[in-house]
Amino acid sequence: MAAVLEAPLATPFFSSKPHNTNNIPSKFHTKPSFLTFRVTSRAANASLSPTQDPDPNPDSEPDPTRDRRRIVRVAWEKLVRWSRSWRSKANTDVLQRTNKVVVLGGGSFGTAMAAHVANRKAELEVKMLVRDPQVCLSINESHCNRKYFPDHSLPENVVATTDAKSALVGADYCLHAVPVQEKPYWVKVGDGYSVKAQGMCAGLKMELQGVPLRQNFYLFALDGVDVILGMEWLRGLGEIKANFDKRTLKVKVGGEVYQIKGDSSLSVSEAPLKGTLKQLKEEEEIYWVECCVAETESEEKMRAVPDSIQQLLEEFEEMQALIQKLVIDPDQQQGYELKEGKLFFKGKLVLPRNSSRIPLIIQEFHASAMGGHAGVFRTFKRVSAAFFWKGMKKDITKFVTECHICQTNKYQTLAPGGLLQPLPILTQIWTDLSMDFIGGLPKALGKDTILVVVDRLSKYAHFLPLSHPYSTQEVAQVFIQEVVRLHGFPESIVTDRDKLFLSQFWSELFKSAGTKLKYTSAYHPFSASFLESVSEYVDPGLPFISLSKGLELNTLRMMAQIIPQALRNPRQPFVALSGPSFALELMDKLPTAMVVASKDKKLANKVQQLLASSHLRISTSSDVTGVEIAGALKNVLAIAAGIVEGMNLGNNSMAALVSQGCSEIRWLATKMGAKPTTITGLSGTGDIMLTCFVNLSRNRTVGVRLGSGEKLENILNSMNQVAEGVSTAGAVIALAQKYNVKMPVLTAVARIIDNELTPKKAVFELMSLPQVILTLFSEQLYWFYIKILQILL
């Protein structure tokens, strides 16, 4: 009887009887090889069956069908084992071939993912590109992110850097953990008030007295100065040589030494009597400084320490060495002098740091009739004119900010910045325009600049030639002759913040015509601007794994659009990572399940193999839109759930609100092209449950505090992380209008954040909605009706 068997089937792995294995290869081939041989005896046939019973009738022939079934079964089992071993080998190949992974951002989830990837392979180089030098220092020296995880150590192969080139060059994968919208940036000025940044210009290139700069600049409404150089920038320059007498600063940038010279007009100098009297008439107050010559005692008297000096030494324990030097040589310590048993610094009485007179002095200069409860800056100026002690400004700031009368009677003089609003959807042509200049062109007929005027609905454009330099009157005249003559004055014009468009003539002209002027933001959303600043170091084939969740407020773009457009590469490989996951539990290696979504299935499988581990289960999906929109809007729903919790409305209302929010997210996502199964899956309902019901959620915490009556500004200032739902809420209303979807719960959150609605009034409006009977059949009938209308229209 002839048989065709796979060669490895004859090994002892498939038989309990001894065989001669000298000529059998010890390893399996990657492709099955087949061996043909002939069995001529019953004994040989019996040797192929490890559990075959002795045939009671030796003269009877074996059943060929039974032999074939057994051969096929054994061959199939071997093929399954071979395929499993090949698949296991393929899973480890991705990790083995990966040598470097870069993580953009030093936030909590970016840090957790960096630690997870680094633990997968000890030889893997994991670099974190961060902006904060302190976070970078703590990761490299202490191997922990003290800002978010001070009690968790990071693997040794995690290195932080602020240099984009060293981080991105040679990377195999990039984990993008930069938030879409950055947390509001506040600074405290000299008078004790906090000023909110109007935005950030990331990676702005400028030249300051010949010094080339490329830094992130925050925009503030401050008068008198153009640029304020912060300590973070100065610290990054390394060694700095300063001459305060000449007001010069020498810095080293790019191997070259530059000198920055201060403005002498901003310094304090002696004023003539005539100018002082004139200033006194114009200003409410001036400071009068009287200079006199202090008489010094003889050297013999100074060497003999009197009782007053001894008492002074006992009071100033921390300054005993200084006082003793002043007794021996009064000119040795510049600025300090001893007079009548008291210590003076530049004519100001010096007090010990722990003196009991300090609170009384601050009380007199701030809360008395003379003080008038002035701010920090005025109080500090008044006290520092007569007294000096170490930590003076800190003590005065603490006293003024804790003053009960100031806290109950004063108000914030600066208006809040507010949230950016998307432009409304248009219904008529040539009623809403946008315009900008294209300059620096070669001259043609004396013209080198083009004024581009675009109708925002039809996208029809006028290209109007100009000659540089041009005035506001010239631009207005050309606009009226070429555009207004044909289409009339528009209802609104969108421009950038060019000084021409901000001029008084331009504003008054269109105000009289009834045209509303709108201005674009002075900065890009943080994630896009950050990517644009590092795009020159990004390889076109570098896969980006997005950990960020949110929508860009102005353009309603998701990360799948932001990353390729910011990098100017529409073919940039992209993967979205989402799912119910807290960074803290990921750092603790607790069981977690997440989803990676990409239109490239092979790339999704590679990322799955790179990230999957014993405590992190990764599923793949091709529905990028569903994964991203669910991950963005669940943060808004979490704020709503937190508001219900903060108002103590009970579990019934919580369940009703979350279920309604889930339906709204599914309706919108379906209209945007997402699959309903994605919204009801791990990255949708799973992530919503975690974010809405667990106290570790940042967005839920914001909602709880809003429901308790706190102001949004105070909530955001007290948080060290970004609550993505606050910025994403502004895009919900625009999305609902764009896709014609009713979203009462999520739009109510956006109105609460914009101060258009109070939480109590929002609850009343939601409970006043018309009662509906929504069954599975009626919902399906509704969507069928919508499809019919779309086809007919």
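**Questions about Leu 637, its core and Gly 646**

Me: Which residues does Leu 637 touch, once those up to four places away in sequence are not counted?
Reply: Leu 637 touches Leu 657, Val 658, Gly 661, Cys 662, Ile 665, Ile 688, Cys 692, Val 745 and Leu 746, where contact means heavy atoms within 4.5 Å. This is a predicted model, in which local features need pLDDT of at least 70 and side-chain atom pairs count only at pLDDT 80 or more, while totals for chains, interfaces and linings use all residues. Residues are numbered from 1 along each chain as its sequence is written, and side-chain values use heavy atoms, with hydrogens and water left out.

Me: What makes the set around Leu 633, Leu 637 and Val 658 a nonpolar core?
Reply: Such a core is a set of buried Ala, Val, Leu, Ile, Met, Phe, Trp, Tyr and Cys residues joined through side-chain atoms within 4.5 Å. The largest one here has 54 residues, and Leu 633, Leu 637 and Val 658 have the most contacts inside it. Helix α21 (624–646) gives the largest share, 12 residues, and among the other elements that give two or more residues are α22, α24 (682–693) and α28.

Me: How do you know where this core lies with respect to domain 1 and domain 5?
Reply: Domain 1 (94–182 + 524–621) and domain 5 (628–768) both give residues to this core, so the core lies between them; the bounds come from an automatic or database domain assignment.

Me: Why are helices α22 and α28 called roughly perpendicular?
Reply: The axes of α22 (residues 651–671) and α28 (residues 744–753) come within 8 Å and cross at roughly 100°. Angles of 65 to 115 degrees count as roughly perpendicular (under 35 is roughly parallel, over 145 roughly antiparallel, and the rest oblique), and α22 and α28 are therefore roughly perpendicular to each other.

Me: Which residues meet where α22 and α28 are in contact?
Reply: Leu 657, Gln 660, Glu 664 and Ile 665 in α22 meet Pro 744, Val 745 and Leu 746 in α28.

Me: Why does Gly 646 count as buried?
Reply: Buried means under 20% relative accessible area, exposed over 50%, and partly exposed in between (1.4 Å probe, protein chains only); Gly 646 has 14% relative accessibility, so the residue counts as buried. Gly 646 has its place in helix α21 and touches Val 704, Gly 707 and Ser 708, not counting residues up to four places away in sequence. Its C-alpha atom is separated by 9.0 Å from that of Thr 701, although the two residues are 55 residues apart along the chain.

Methods: Axes are lines fitted to C-alpha atoms, for helices over the stretch in contact, and angles run from 0 to 180 degrees between N-to-C directions. Helices (H or I, at least four residues) and strands (E, at least two) are DSSP runs, numbered from the N terminus.
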